[in-house]
Amino acid sequence: MIVVNEVTKSFGARTLFDNVSAKFNPGNSYGLTGPNGAGKSTFMKILSGEIEPTNRGTITRPPKVGVLKQNQFAYDNERIIDAVIMGNDKLWKTFKERDALCEVPNLTEEQMNRLGELETIIAEEDGYSAEFAASEILRGIGIPDDQHENNMSTLPIDYKFRVLLAQALFAGPDALLLDEPTNHLDLESIHWLEEFLAKYEGILIVISHDRHFLNAVCTHIADIDYDTIIVYPGNYDDMVEHKIQARTTIEAANRDKAKKIAQLQDFVSRFAAGQRSSQVQSRRKEITRLAPQELKRSNIQRPFIRFEQEKPIGREVLKVRGLSKSFDDKVIFKDLNLDISRGDKIAIIGSNGVGKTTLLRCLIGELEPDAGEVKWGDSATWSYYPQDYHSAINPGTTALDWLMQFVKDEGQQFIRGILGRMLFSGDESLKATENLSGGESARLLMARMIMQKNPVLVFDEPTNHLDLEAVSALAEGLSLFPGTVFVVSHDRDLISDVATRILSFTSDGLVDFLGTYEEYLASQKQKQKQLAKKGK
């Protein structure tokens, strides 16, 4: 069990959460939710012991806590199997010290004694079977035996993540803390992770902006809001419903109390100077008793995302004929033909590294194809959201001034209005671009897209840095947009809410499916059934 007792965390004058007490029980999976900046990662670091609370609050932890490392490139020079064993820090340090002593030509008696102590520690930590145990985990996460001796640098990003998860699990932790585990994972890998975590029997605490993932994995939600953390039973959707109902109930009760108080005050005003003093006093006590319950302001903010077209374009938006692209000996796509019409909303999906971003960049002319033709319709213009937002937003200016450079005829008041809708209110619009968080940068790029009013929107992984409220607002905005949308994403709710057409990179090539994501999944299941029958 993890027990949090009266914990407070502040940064300067800002309090993230105040006097929090909560219990996290074995066998339960907790989603830690709240908007960007609410303190989710900070609370996770307090749970792991990486940082301390502001006050004297206490955290009681089980003996072994596994923490998912955030830097997938930190172990590039290590063997894959060693990266897993490093999950037991005590054992790994003991191995290194023992190996160093074994290199010494003539050991002193003190060194000999220390070597004996180290061997005892290795035995206590099951170190003699460490490589066997690590290999078993690696096989379980899809990395075959012949790769275990390779360096981490040889793995794609999603498999590096799997190794880091294996590292967190290696020491047999009683609790597992995962901060944004679905970032940089493709849809197939996220599905694998859901099944993997369903078998974990310890305390799971996870931060994610993927609503579908939270609904699939979590038995409870620990929500950071109202300067505290409240634990709700059920998944994310259950929490939202419970939270809305609870606030609605309090607001209704407060309205009823306000009406009764007004009636009582009227009585007091009329008879305060008369002979009904006992009744007046009774009414005054009742007024005190009926004081409305104070409702703290929620820190949840939702941007208002609406994309418009300055003028619609013709029915034929894009025609692609014989498009091919390769890197070295790897074919990304070959002889691709597409006809994109006005109003199509295309989700581009597939494993990491298969070429989704490459396809987008070829379509908008950022990358030259090896062969083929890309022809846009007359007057077709697009707005582009790149996966690497750092390359799109110049440092050394403010959010307001950066957006002002794209102004046509609009004035600063119009731009401030868009920034306000995207949660850059007041002085927030004057924030230096180099100091913007990932979520703020994402919203600023979308503010530019809103302002440009182009009939085609192109997004490459737009949800990576957005909180759940912003992802929901983006899905709503794209669903209502009358123009054409291309979106690369691993967020299943976004794809399900928006897409009317799927371009899927598969082992059989690029599949162009006319229909929703659910219809695409159903067609794939049907295809697998037919192949299974043929196999029999």
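A student and a tutor discuss a predicted model of a protein.

Student: How many helices and strands does the secondary structure come to?
Tutor: Start with the overall frame. The C-alpha trace spans about 100 × 80 × 60 Å along its principal axes. Within that frame, the secondary structure comes to 17 helices and 18 strands.

Student: What percentage of the residues count as buried?
Tutor: Buried means under 20% relative accessible area. The protein has 536 residues, and the share that counts as buried is 47%.

Student: Which share of the contacts with a separation of 6 or more comes from residues 24 or more positions apart?
Tutor: A contact here means heavy atoms within 4.5 Å. Take the contacts in the protein with a separation of 6 or more. Residues 24 or more positions apart account for 69%.

Student: How many aromatic pairs does a search of the whole structure find?
Tutor: A pair of aromatic rings is described by the distance of the centres and the angle of the planes. Searching the whole structure gives 11 aromatic pairs.

Student: Is the pair of F24 and F43 stacked, edge-to-face or tilted?
Tutor: The ring centres of F24 and F43 are 6.5 Å apart. Planes under 30 degrees apart count as stacked and over 60 as edge-to-face. The planes of F24 and F43 stand at 50°, so the pair is tilted.

Student: How many residues apart in sequence are the parts that F24 and F43 tie together?
Tutor: F24 lies in strand β2, residues 14–24. F43 lies in helix α1, residues 40–48. The pair therefore ties together parts whose separation in sequence is 19 residues.

Student: Are F24 and F43 buried or exposed?
Tutor: The cut-off for buried is under 20% relative accessible area. F24 meets that description, and so does F43: both are buried.

Student: Which residues form one aromatic cluster with F24 and F43?
Tutor: The cluster has four members. Set aside F24 and F43, and the other members are F17 and Y30.

Student: At what angle do the ring planes of Y385 and F459 stand?
Tutor: The centres of these two rings are 5.9 Å apart. The pair of Y385 and F459 is tilted, because the planes stand at 35°.

Student: Which strands hold Y385 and F459?
Tutor: The pair ties together parts that are 74 residues apart in sequence. Y385 is in the strand of residues 382–385, and F459 is in the strand of residues 456–460. These are strands β14 and β15.

Student: What is the relative accessible area of F459?
Tutor: Its partner Y385 is buried, with a relative accessible area of 1%. F459 is buried too, and its value is 0%.

Student: Which residue lies over the face of F267?
Tutor: Two arginines can be placed over rings. R448 lies over the face of F406, at 5.0 Å from the ring centre. At F267 the distance from the ring centre is 4.1 Å, and the residue is R283.

Student: Which element supplies the largest share of the lining of the largest pocket?
Tutor: The largest pocket holds about 1400 Å³ of space. Its lining has 49 residues, and the closest to its centre are P35, N36, G37, A38 and S437. Elements β2, α1, α6 (157–170) and α14 (438–452) each supply at least two lining residues. The largest share, four residues, comes from α14.

Student: How many polar residues does the lining of the largest pocket have?
Tutor: Split the lining by class. Nonpolar residues number 14, and charged residues also number 14. The polar residues number 21.

Student: Which element gives the largest share of the lining of the second largest pocket?
Tutor: This pocket holds about 850 Å³. Of its 27 lining residues, the closest to its centre are E188, Y520, L521, Q524 and Q528. The elements giving two or more are α7 (187–198), β17 (501–506) and α17 (517–535). The largest share is eight residues, from α17.

Student: What is the volume of the largest cavity?
Tutor: The search finds two cavities of 30 Å³ or more. Residues lining the largest cavity include L32, N36, K40, H209 and D467. Its volume is about 50 Å³.

Methods: Residues are numbered from 1 along each chain as its sequence is written. This is a predicted model: local features need pLDDT of at least 70, side-chain atom pairs count only at pLDDT 80 or more; totals for chains, interfaces and linings use all residues. Side-chain values use heavy atoms; hydrogens and water are left out. Rings of Phe, Tyr and Trp (its six-membered ring) pair if their centres lie within 6.5 Å; planes under 30 degrees apart count as stacked, over 60 as edge-to-face and the rest as tilted. Buried means under 20% relative accessible area, exposed over 50%, partly exposed in between (1.4 Å probe, protein chains only). A charge sits over a ring if NZ of Lys or CZ of Arg is within 6 Å of the ring centre and within 35 degrees of the ring normal. On a 1 Å grid over the protein atoms alone, a cavity is a set of points where a 1.4 Å probe fits but cannot get out, and a pocket is an open set with protein on both sides within 12 Å along at least five of seven lines; lining residues have an atom within 4 Å of a point. Grid points are joined across faces, edges and corners, and a volume is the space filled by probe spheres set on the points. Ala, Val, Leu, Ile, Met, Phe, Trp, Tyr, Cys and Pro count as nonpolar, Asp, Glu, Lys and Arg as charged, and the others, Gly among them, as polar.
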